[in-house]
Amino acid sequence: MGALLAIVVVLAASAEVAHGICNLSRDGIRACQPAAATHNPTNEPSAECCSALAGANLPCLCRYKSSAGVWVRFYRIDINRAMGLPAKCGLEMPANC
């Protein structure tokens, strides 16, 4: 039963990421991917990435820190680098993130 629940949670998270999350569209996620890539990331996020993050619900995004596997699988994003992008864009992450 526990394994079935885990599969359902992963599938639900996968479907949500495929359509965008927390007011961050799939295109916004893709714009940020080069700066948060698991391999050879760029040093700074693009203007498009910063614009997408400015419209995102950052407290909501904090809840996805523990879902690193989904980010890596779908977008090849290192979650630790991704969580550092708002600061590079001049945005403030919630203190409890």
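**A walk through an all-helix chain**

Asn23 sits in the loop that joins helix 1 (2-19) to helix 2, and this loop is a convenient place to enter what is a predicted model. The phi angle of Asn23 is near 65 degrees, which is a positive value in a residue other than glycine. Asn23 is also exposed, its relative accessible area being 62%.

From this loop one can step back to the chain as a whole. The protein chain contains six helices and zero strands, and, read along the sequence, its pattern is α-α-α-α-α-α. Of its 97 residues, 35% count as buried. Among the contacts in the protein chain with a separation of 6 or more, 72% are accounted for by residues 24 or more positions apart.

Following the chain onward from Asn23 leads to helix 2, which covers residues 26-36. The buried residues of this helix are Gly28, Ile29, Cys32, Ala35 and Ala36. Viewed down the axis of helix 2, these buried residues fall within an arc of 105 degrees, and so they line one face of the helix.

Between helix 2 and helix 3 there is a loop that holds Asn40. Although Asn40 is not a glycine, it has a positive phi of about 55 degrees. Asn40 is exposed, with a relative accessible area of 74%.

Beyond that loop comes helix 3, made of residues 47-54, which packs with helix 2 at an angle of about 135 degrees, the two axes lying 8 Å apart. Angles over 145 degrees would count as roughly antiparallel and those from 65 to 115 as roughly perpendicular, and helix 2 and helix 3 are therefore oblique to each other. Helix 2 passes helix 3 in a left-handed crossing. On the side of helix 2 the contact is made by Gly28, Ala31 and Cys32, while helix 3 contributes Glu48, Cys49, Ala52 and Leu53. Sorted by class, this contact of helix 2 with helix 3 has five nonpolar residues, one polar residue and one charged residue. Gly28 and Cys32, which take part in the contact, are also among the buried residues of helix 2.

Further along the chain lies helix 5, residues 68-75, in which Val70, Trp71 and Tyr75 are buried. Seen down the axis of helix 5, the buried residues fall within an arc of 100 degrees, so that they line one face of the helix. Just after helix 5, Arg76 takes a positive phi of about 55 degrees.

Technical notes: Residues are numbered from 1 along each chain as its sequence is written. This is a predicted model: local features need pLDDT of at least 70, side-chain atom pairs count only at pLDDT 80 or more; totals for chains, interfaces and linings use all residues. Side-chain values use heavy atoms; hydrogens and water are left out. Axes are lines fitted to C-alpha atoms, for helices over the stretch in contact, and angles run from 0 to 180 degrees between N-to-C directions. Helices (H or I, at least four residues) and strands (E, at least two) are DSSP runs, numbered from the N terminus. Angles under 35 degrees count as roughly parallel, over 145 as roughly antiparallel, 65 to 115 as roughly perpendicular and the rest as oblique. A crossing is left-handed if the near helix is turned anticlockwise from the far one by less than a right angle, and right-handed if clockwise. Contact means heavy atoms within 4.5 Å. Ala, Val, Leu, Ile, Met, Phe, Trp, Tyr, Cys and Pro count as nonpolar, Asp, Glu, Lys and Arg as charged, and the others, Gly among them, as polar. Buried means under 20% relative accessible area, exposed over 50%, partly exposed in between (1.4 Å probe, protein chains only). The arc is that of the directions from the helix axis to the C-beta atoms.
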